[in-house]
Amino acid sequence: MQKTFKVGISACLLGERVRYDGGHKLDQCLVETLGRFVSFVPVCPETECGLGIPREAMRLAGDPTAPRLVIIRSGLDLTDRMEQWACRRVAMLAKENLCGFIFKSRSPSCGMERVKVYTDSGGAPAKIGVGLFAREFMARLPLLPVEDEGCLHDPVRRDNFITRISC
Ligand code: SF4
């Protein structure tokens, strides 16, 4: 079947070894089902903004309504770096004629919803964050269908996503 649709995707879901620990999060099911008729455009915000592999693990922290992206161990704040890169990268992606994007769930860079935000006061993190790249992408391209790989394991949501990207 000819691959008609271009869909952006968090690169680790394709098996690319771009995670902080040098690993990947290949989603075989996703690649086999959707990969038959879409062309994936892989994006890894953390490596593409120059953080390297391996790198220190990071998370969202601070004000849950405007969280910062910080290195867990040192507290180094990477927010400005990621936001500036994301702004440029999304502008490039906007010219790619993408039909949608599949984000890696729970990531402080790629997660599109329910990402943990750790507050300064300690305690349980609030699952209300959005990864910084995903936030920029969805703000700049609000009409493009987006999902994360966890949701796409649900056949109904997967069919719905396929319908939306093919419209
Ligand atoms: S979740 Fe996003 S930033 Fe993290 S490794 Fe995967 S593609 Fe890269």
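How do the residues of the shell around the ligand divide into nonpolar, polar and charged? This is a predicted model, and in it the shell comes out as six nonpolar, three polar and three charged.

By name, the residues around the ligand start with Ser10, Ala11 and Cys12, then Val18 and Arg19. Cys44, Pro45 and Glu46 are also on the list, and Lys104, Ser107, Ser109 and Cys110 complete it.

Now the sheet. Strands of a sheet pair through backbone hydrogen bonds, either parallel or antiparallel. Here four strands make an open sheet with mixed pairing, and the order is β4-β3-β6-β7. The edge strands are β4, residues 68-71, and β7, residues 126-129. Each has a single partner strand, so one side of each has no neighbour in the sheet. From one strand to the next, the twist averages 60 degrees.

Last, the β3 and β4 pair. Strand β3 covers residues 58-61 and runs antiparallel to β4, with four bridges joining the two. One position to look at on screen is Met58, which stands opposite Ile71 in β4. The two strands form a hairpin, with six residues between them. In that turn, Gly62 has a positive phi of about 100 degrees.

Methods: Residues numbered from 1 in each chain as written. Predicted model: local features only at pLDDT ≥ 70, side-chain atom pairs only at ≥ 80, totals over all residues. Near = placed C-beta within 6 Å. Nonpolar A, V, L, I, M, F, W, Y, C, P; charged D, E, K, R; others polar. Pairing = 2+ DSSP bridges. Axes fitted to C-alpha atoms, helices over the stretch in contact; angles between N-to-C directions.
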